[in-house]
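Student: Hi! I have a new structure open and would like to talk it through. Can you help me find my way around?

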Amino acid sequence: MLNNNQLFRLLNEMVFLLVGALLVWVGLFGGQHLHFFNPRQPSWLILTGVLMLWGLRTWRKAPRIPAGGERAAMRIGGGSIALAGLILLGLAWSSFRSAGFLLAAAGGIFVLRGLATAVIMARSS
């Protein structure tokens, strides 16, 4: 049976899965609305920088976790956030045509992270 901490982490991963699915959907099917999106704004660059730093910080904190399953989940989580931040930062220098593909790729990373970490957290109970 899951304790409260594991249940909260499992729900958190389901939120990442849903956010990733939303990014994939917007990236693949929302192309007609992406012309309002400007990834070269300072706020977008700051957001992607914060995502990358948050992911790297989480990755570095993972070895301090004693349980193997939680450590692996933390590494997957940190690596996925840093990688998605790097992809989203790449939007500033990519062509408009590839913006949807890059958003879908970042969403796919979040979906895979949600699935993998949810499986790890469910198995560790």
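Student: Let's start with α3 and α4. At what angle do their axes cross?

Tutor: Happy to help! Keep in mind that this is a predicted model. The axes of α3 and α4 cross at roughly 175 degrees, and they come within 9 Å.

Student: So which way do the two helices run relative to each other, parallel or antiparallel?

Tutor: Roughly antiparallel, because the angle between α3 and α4 is over 145 degrees.

Student: And what kinds of residues sit in that contact?

Tutor: The contact of α3 with α4 has 17 nonpolar residues, along with five polar and two charged.

Student: What about α1 and α4, how do their axes meet?

Tutor: Helix α4 covers residues 99-123, and its axis comes within 7 Å of the axis of α1. The two cross at roughly 160 degrees. That angle makes α1 roughly antiparallel to α4.

Student: Is that crossing left-handed or right-handed?

Tutor: The crossing of α1 and α4 is left-handed. As for the residues in the contact of α1 with α4, 19 are nonpolar, eight are polar and three are charged.

Student: Let me zoom out. How many helices and strands does the chain have?

Tutor: There are four helices and zero strands. Going along the sequence, you would write the pattern as α-α-α-α.

Student: What does the chain span along its principal axes?

Tutor: The C-alpha trace spans about 45 × 25 × 15 Å.

Student: And how much of the chain is buried?

Tutor: Of the 125 residues in the chain, 38% are buried. Here, a residue counts as buried if its relative accessible area is under 20%.

Student: New topic: pockets! What volume does the largest pocket have?

Tutor: The largest pocket has a volume of about 280 Å³. It is lined by 16 residues, and the closest to its centre are Asn-12, Trp-54, Thr-58, Met-74 and Arg-113.

Student: Which elements give two or more residues to that lining?

Tutor: Those are α1 (4-29), α2 (42-61) and α3 (68-90).

Student: Which one gives the most?

Tutor: That's α1, which gives six residues to the lining of the largest pocket.

Student: Nice. How do the lining residues divide by type?

Tutor: The lining of the largest pocket has six nonpolar residues, five polar and five charged. You can put that beside the contact of α3 with α4 we began with, where 17 residues are nonpolar, five polar and two charged.

Student: Great, I'll go and look at those residues now. Thanks!

Conventions. Residues numbered from 1 in each chain as written. Predicted model: local features only at pLDDT ≥ 70, side-chain atom pairs only at ≥ 80, totals over all residues. Heavy atoms only, no water. 1 Å grid on protein atoms, 1.4 Å probe; cavity = no way out; pocket = protein on both sides within 12 Å on 5 of 7 lines; lining within 4 Å. Points joined across faces, edges and corners; volume = space filled by probe spheres on them. Nonpolar A, V, L, I, M, F, W, Y, C, P; charged D, E, K, R; others polar. Axes fitted to C-alpha atoms, helices over the stretch in contact; angles between N-to-C directions. Parallel < 35°, antiparallel > 145°, perpendicular 65-115°, else oblique. Left-handed = near helix turned anticlockwise from the far one by under 90°. Buried < 20%, exposed > 50% of the residue type's maximum accessible area, 1.4 Å probe, protein only.
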